[in-house]
Amino acid sequence: MTVLVAGATGTVGSEVGRRLAKGRFAVRAGAREPQRAAALLPAGVPVTRLDLEDAATWAASLDGVRRLFLLRPPDVARVSRLQ
């Protein structure tokens, strides 16, 4: 089963990618800057260009994927208004 880790260059995404790669999952890293993601993850983890704001990058990133890890960042503007 292939898991796509969206945001693989982030603090959480890179850690999730590293841990999944050590387990029983086939991992694909998705990032706007693929070369940066490749440097953060173990050798052999395939990296694809994935920009959630560019729908043209979605199809190739999701091809063959059975699961997706996507952590939506908090709406910082909304949080600051509530304080």
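Contact, as the word is used here, means that heavy atoms lie within 4.5 Å. With that meaning in place, this briefing on a predicted model turns to the surroundings of Leu4 in strand 1 and to the salt bridges, of which a search of the whole structure finds four.

**Leu4 and its surroundings**

- Leu4 has its place in strand 1, which covers residues 2-6, and with a relative accessibility of 1% this residue counts as buried.
- When neighbours within four places in sequence are left aside, Leu4 is in contact with Arg28, Ala29, Gly30, Thr48, Leu50, Ser61, Leu62, Val65, Arg67, Leu68 and Phe69.
- One of these contact partners is Arg67, and although Leu4 and Arg67 are 63 residues apart along the chain, their C-alpha atoms are separated by 6.3 Å.

**Salt bridges in helix 1**

- Glu15 and Arg19 form a salt bridge in which the closest N and O atoms are 2.7 Å apart.
- Because Arg19 and Glu15 are four residues apart in helix 1 (residues 11-22), about one helical turn separates them.
- The two partners differ in accessibility class, since Arg19 is exposed with a relative accessible area of 61%, whereas Glu15, at 30% relative accessibility, counts as partly exposed.
- This pair does not stand by itself, for Glu15, Arg18 and Arg19 are linked in a network of salt bridges.

**Salt bridges of Arg49**

- Side chains of opposite charge can pair when their charged atoms come close.
- Arg49 forms a salt bridge with Asp51, with 3.8 Å between the closest N and O atoms, and Asp54 also forms a salt bridge with Arg49, where the closest N and O atoms are 3.6 Å apart.
- Both distances can be read against the cut-off for a salt bridge, which asks for a side-chain nitrogen of Lys or Arg within 4 Å of a carboxyl oxygen of Asp or Glu.
- Arg49 is partly exposed, its relative accessible area being 39%, and Asp54 likewise counts as partly exposed, at 27% relative accessibility.
- Asp51, by contrast, counts as buried at 14% relative accessibility, because the class of buried residues takes in values under 20% relative accessible area.

Conventions:
Residues numbered from 1 in each chain as written. Predicted model: local features only at pLDDT ≥ 70, side-chain atom pairs only at ≥ 80, totals over all residues. Heavy atoms only, no water. Helix = DSSP H or I, 4+ residues; strand = E, 2+ residues; numbered from the N terminus. Buried < 20%, exposed > 50% of the residue type's maximum accessible area, 1.4 Å probe, protein only.
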